Amino acid sequence: MIDPKINTRSKSALSAQVNNNASVALADSAVQTRAYELYELHGRIDGRAEKDWYQAENDLRARTQQA
């Protein structure tokens, strides 16, 4: 939210943005961990990073929806 008096973001808006960025970072960390697990499960074959990343995202989304 922009404060019209000073044309900058309010403290609460900045705080919310920081919290959102932190949750994104945690999500990326979880995806990275799961992607590495998949990399190991597939025999540490190079060239599958993108596929493993997308699979990790899908796995984590499925876990979140089940909870």
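Modeller: A salt bridge is a side-chain nitrogen of Lys or Arg within 4 Å of a carboxyl oxygen of Asp or Glu. I should add at the outset that the model we are discussing is a predicted one.

Biologist: What makes the contact between the side chains of Glu40 and Arg44 a salt bridge?

Modeller: The N to O distance between the Glu40 and Arg44 side chains is 2.9 Å, and since the cut-off is 4 Å, the pair qualifies as a salt bridge. Glu40 itself has a relative accessibility of 37%; as the class between 20% and 50% is called partly exposed, that is the term for Glu40.

Biologist: How many salt bridges does the structure hold, and why is the pair of Glu37 and Arg34 counted as one?

Modeller: There are four in the structure. For Glu37 and Arg34 the closest N and O atoms are 3.0 Å apart, a value within the 4 Å limit, and therefore the pair is counted. Both residues belong to helix α1, where they are three residues apart, about one turn of the helix. In general, an α-helix has 3.6 residues a turn, so residues three or four places apart point the same way.

Biologist: Why is Arg34 called buried, and which class does Glu37 fall into?

Modeller: Arg34 has a relative accessibility of 15%, and because buried means under 20%, the word applies to Arg34. Glu37, with a relative accessible area of 35%, is partly exposed.

Biologist: What makes Arg48 and Asp52 a salt bridge, and is Asp52 buried or exposed?

Modeller: Their closest N and O atoms lie 3.4 Å apart, which is again within 4 Å, so the definition is met. At 3% relative accessibility Asp52 is under the 20% cut-off and therefore buried, whereas Arg48, at 25%, counts as partly exposed. Elsewhere, salt bridges with shared partners join Arg34, Glu37 and Asp59 into one network.

Biologist: Which residues does Asp52 touch?

Modeller: Asp52 lies in helix α2, and when residues up to four places away in sequence are not counted, Asp52 touches Ala35, Leu38, Tyr39 and His42. Asp59, which is also in helix α2, touches Arg34 and Leu38 under that same exclusion of residues up to four places away in sequence. With a relative accessibility of 15%, Asp59 is under 20% and so counts as buried.

Biologist: How do you know that the length of helix α2 agrees with what its residues should span?

Modeller: Helix α2, residues 49–66, has 18 residues, and at 1.5 Å a residue these should span 26 Å; the end C-alpha atoms are 26 Å apart, so the two values agree.

Biologist: Which residues of α2 are buried, and how do you know on which side of α2 they are?

Modeller: The buried residues in α2 are Asp52, Ala56, Asp59 and Leu60. Around the axis they cover an arc of only 95 degrees, and therefore they are on the same side of α2. The exposed residues Glu50, Lys51 and Gln65 are on the other side of α2.

Biologist: Why is Lys51 called exposed?

Modeller: Lys51 has a relative accessibility of 57%, and as exposed means over 50%, the value places Lys51 in that class. The C-alpha atoms of Lys51 and Leu38, 13 residues apart along the chain, are separated by 9.5 Å.

Biologist: How many aromatic pairs does a search of the whole structure find?

Modeller: The search finds one. It is formed by Tyr36 and Tyr39, with 5.6 Å centre to centre and 40 degrees between the planes, and is described as tilted.

Biologist: Why is the pair of Tyr36 and Tyr39 called tilted?

Modeller: The distance of 5.6 Å is within the 6.5 Å allowed between centres, so the rings pair, and the angle of 40 degrees is neither under 30, as stacked would require, nor over 60, as edge-to-face would, which leaves tilted. Tyr36 and Tyr39 are three residues apart in helix α1 (residues 11–41), so about one helical turn separates them. Tyr36, at 42% relative accessibility, counts as partly exposed, and Tyr39, with 24%, is partly exposed as well.

Biologist: What pattern does the protein chain follow along the sequence?

Modeller: The pattern is β-β-α-α, from two helices and two strands. Of the 67 residues in the chain, 15% count as buried.

Conventions
Residues numbered from 1 in each chain as written. Predicted model: local features only at pLDDT ≥ 70, side-chain atom pairs only at ≥ 80, totals over all residues. Heavy atoms only, no water. Phe/Tyr/Trp six-rings, centres within 6.5 Å; stacked < 30°, edge-to-face > 60°. Helix = DSSP H or I, 4+ residues; strand = E, 2+ residues; numbered from the N terminus. Buried < 20%, exposed > 50% of the residue type's maximum accessible area, 1.4 Å probe, protein only. Expected span 1.5 Å × (residues − 1). Arc of directions from axis to C-beta. Contact = heavy atoms within 4.5 Å.
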